[in-house]
Amino acid sequence: MAGASKNSRTTVATHKFICPDCGGEIIMKTIMENGRLKNQAECQKCKRVERRPKDFK
């Protein structure tokens with residue numbers, strides 16, 4: 001008897017990050033810079049930019 005595949009058992013959970021300064025939502029952006037992809041976290045309200053959402057604390 002075959003079991004469920006590994007991919008079907010995983011659950012997808014999204015986490016919303018909130019800026020501690022203004023309370024706005026932090027979104028991740030991918031930017032092409034010097035031929036390389038660069039991920040940045042940006043607050044939609046105060047436009048603060050960090051490398052990852054954890055750096056806002």
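## One helix, then four strands

From the N terminus on, the elements of the protein chain run α-β-β-β-β. That makes one helix and four strands. Please keep in mind that this is a predicted model.

Let us begin with the sheet. The four strands form an open sheet in the order β1-β2-β3-β4, and their pairing is antiparallel. Because β1 (17-18) and β4 (49-50) stand at the edges with a single partner strand each, one side of each has no neighbour in the sheet. The partner of β1 is easy to find: two bridges join β1 to strand β2 (residues 25-33), and the two run antiparallel. If you would like to look at one of these pairings in the viewer, Ile 18 has Glu 25 in β2 as its bridge partner.

Here are some values for the protein chain as a whole:

| Property of the protein chain | Value |
|---|---|
| Residues that count as buried, of 57 residues | 16% |
| Contacts joining residues at least 24 apart, among those between residues at least 6 apart in sequence | 17% |
| Exposed area | about 5,100 Å² |
| Part of the exposed area supplied by carbon and sulfur atoms | 50% |

Now for the interior. In soluble globular proteins, nonpolar side chains tend to be buried together. Here the largest nonpolar core has five residues: Cys 19, Ile 26, Ala 41, Cys 43 and Phe 56.

Ala 41 is a good residue to click on. Leaving aside its neighbours within four places in sequence, Ala 41 touches Ile 26, Ile 27 and Met 28, and also Arg 48, Val 49, Glu 50, Arg 51, Arg 52, Pro 53 and Phe 56.

Technical notes
Residues numbered from 1 in each chain as written. Predicted model: local features only at pLDDT ≥ 70, side-chain atom pairs only at ≥ 80, totals over all residues. Heavy atoms only, no water. Buried < 20%, exposed > 50% of the residue type's maximum accessible area, 1.4 Å probe, protein only. Contact = heavy atoms within 4.5 Å. Areas by Shrake-Rupley, 256 points an atom, 1.4 Å probe, with all protein chains shown as cover. Pairing = 2+ DSSP bridges. Core = buried A, V, L, I, M, F, W, Y, C linked by side-chain atoms within 4.5 Å.
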